[in-house]
Amino acid sequence: MGARAWALLLVLCGTIFLEGADIAMLAIAIPTIRSDLDLSTATAAWVISSYVLGYAGFTLLGGRAADLLGRRRMFLTWLGVFLVFSGLGGLATEGWMLIVARFVTGVAAAFMTPAAMSIITTSYAEGPERNKALLVFAGTSAGGFSLGLVIGGLLTELGWQWVFFAPVVLAAAILAAAVRLVPAADAPAAKASATLRSGGFDLPGAAAAAGAMLLLAYGVVRLEHGLDGWPLTLGAALGGLLLGAAFIGIERRAAVPLVRLGIFRTGTVVRAGLGALLFLGAFMGFQFVLTLYLQELRGWSSWQTAIALVVMGCDVVLAPTLTPRLVNRYGHARVILGGFLLAALAYALFLPVGMDWTYAAMFPTLLIAGTSFALAYGPLMIAATDGVAAREQGLAGGILHTATQFGAAIGVSGVTAVYGLVAGGHGGTAGHSLDAFRAALVVPVALALVGVAVALAGVVRGGRPPQPAARSEEPAFALPVTSEAR
């Protein structure tokens, strides 16, 4: 890749780093925010959950909007919205202000992230160059989360407001660079926009999709309450499923559907989405339990916990160096399987955790978990977009990121529910709390094992690893055109 291609990739990676760091910093700062603003437990939980609802509820729509309304336009617009509402979060003086700011920030990420991913998949030629770009993009995402824990711990010491103001500075720098580097509309995007203008935007489909995703995400988030308030949880899930069925019916009849249903039969889109859901669910569930174990049971500070988890960010180095070589040699399906196997091993090693475990005893699990992320997440991005037409790359990215957000919500809600059910039957002693943590750890192990089965099916269907292809004379990266930016 040339210098301009690397510069563009750096900008797009900055966006996914920003998103991961933003989530991690808030996770570290929320206890301080709760104390300073005198928030109730429910309000503090909604500060976190509102972002998930906004992200999961609109990612599918955001991905398709990038295809139909212009990837550059969606990327720049929603990066700006992300910047503004992150800053407003730092100015909040009431819980409801934070909840609104986080919800809109989540919606902004839902449009911004699929647009960034589709810019990669349409700017770099399919094959080794695109694979490398996606692997760097995926590694940066995890690195943002890992480093965000450390940065968040430091910024919280200065004042929790800086957890919101720091992303504003980074977003402003990315936006300034993106205006110059992000390509304008290419021919397929321009054609899609012309088709859209002639057929009209699928507003009923968009409304049904957003409503279904919001209700389903709300139902998943409520799983953390266990059986408490189950009628509301069940009602949200059923409402989401009904709207989902209505969405399918609308898309079948629409002249210009928001989502071409045939994409779910293209390549490995569905299998990659399911794999991403399971992998992120296991990873985020494990990390959540681990954080609670270190802080609540062992009494570690947020700063100590953040430093301890830095080793899980080893994928920042491994994703762009080791993983491309493995993918080129063995194919993405086999590398994904390896990632799931390592994830299951890592979480299983932590099952017998004790009250007196040293950091040295935890280190193998942390290192293996970070390595598994490097092996699985990037190749899942490759699989999700492999064989998809350029005009639907945004949609493919939206499907993948919708799956990751649902997976994260399922993982965290699942471990929380199991922990609550086990701990609720005891007196709350340290020994019983440890039993609850061990029980909760079964959730990420189970999700990883199901992921192994899904990945194994991908290997069986995928056949032999790819053979080396003849080197193309065409440039791997297309310079931006000078037509009107879309």
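The following legends describe an overview and several close-up views of a predicted model.

**Figure 1. Overall composition of the predicted chain.** The chain contains 16 helices and zero strands. Of its 486 residues, 55% are buried. Contacts between residues at least 6 apart in sequence are dominated by long separations, since 85% of them join residues at least 24 apart. The accessible surface amounts to about 19700 Å², and carbon and sulfur atoms contribute 68% of this area.

**Figure 2. Packing of helix α1 against helix α5.** Two packed helices are described by the angle between their axes and the distance between the axes. Helix α1 spans residues 3-37 and helix α5 spans residues 128-158. Their axes come within 6 Å and cross at roughly 35°. The crossing of α1 and α5 is right-handed. Sorted by class, the residues of this contact comprise 20 nonpolar, ten polar and one charged.

**Figure 3. Packing of helix α1 against helix α3.** Helix α3 covers residues 71-90. The axes of α1 and α3 are 13 Å apart and form an angle of about 30°. The crossing of this pair is left-handed. On the α1 side, the contact involves Leu12, Thr15, Leu18 and Asp22, which meet Phe75, Leu79, Phe82 and Ser86 of α3. The residues of the contact divide into five nonpolar, two polar and one charged.

**Figure 4. Asp38 in the loop between α1 and α2.** Helix α2, which comprises residues 41-69, lies on the other side of this loop from α1. The phi angle of Asp38 is near 55°, a positive value in a residue other than glycine. Asp38 has a relative accessible area of 67% and is therefore classed as exposed, the cut-off for that class being over 50%.

**Figure 5. Surroundings of Ser372 in helix α14.** Helix α14 runs over residues 359-385. The relative accessible area of Ser372 is 0%, so this residue counts as buried. A polar atom of the Ser372 side chain lies 2.6 Å from the backbone oxygen of Ala369. With residues up to four places away in sequence left out, Ser372 touches Phe279, Gly339, Leu342 and Ala343.

**Figure 6. Surroundings of Ala440 in helix α16.** Helix α16 extends over residues 430-462. Ala440 is classed as buried because its relative accessible area is 1%, where the class requires a value under 20%. Val289, Val415, Val418 and Tyr419 are in contact with Ala440, not counting residues up to four places away in sequence. The view also includes Gly285, which is 155 residues from Ala440 along the chain. The C-alpha atoms of Gly285 and Ala440 are separated by 8.6 Å.

**Figure 7. Trp300 in the loop between α10 and α11.** The flanking helices are α10, with residues 269-297, and α11, with residues 302-308. Trp300 has a relative accessibility of 21% and therefore counts as partly exposed. Beyond its neighbours within four places in sequence, Trp300 is in contact with Leu294, Gln295, Thr305, Ala308, Tyr359 and Met362. Among these partners, Tyr359 and Met362 fall within the residue range of helix α14, 359-385.

Key
Residues are numbered from 1 along each chain as its sequence is written. This is a predicted model: local features need pLDDT of at least 70, side-chain atom pairs count only at pLDDT 80 or more; totals for chains, interfaces and linings use all residues. Side-chain values use heavy atoms; hydrogens and water are left out. Helices (H or I, at least four residues) and strands (E, at least two) are DSSP runs, numbered from the N terminus. Buried means under 20% relative accessible area, exposed over 50%, partly exposed in between (1.4 Å probe, protein chains only). Contact means heavy atoms within 4.5 Å. Accessible areas come from the Shrake-Rupley method with a 1.4 Å probe; for residues, only the protein chains shown count as cover. Axes are lines fitted to C-alpha atoms, for helices over the stretch in contact, and angles run from 0 to 180 degrees between N-to-C directions. A crossing is left-handed if the near helix is turned anticlockwise from the far one by less than a right angle, and right-handed if clockwise. Ala, Val, Leu, Ile, Met, Phe, Trp, Tyr, Cys and Pro count as nonpolar, Asp, Glu, Lys and Arg as charged, and the others, Gly among them, as polar. A polar contact is a pair of N or O atoms within 3.5 Å; within protein, one must be able to donate a hydrogen and the other to accept it, and residues adjacent in sequence count only if both atoms are side-chain atoms.
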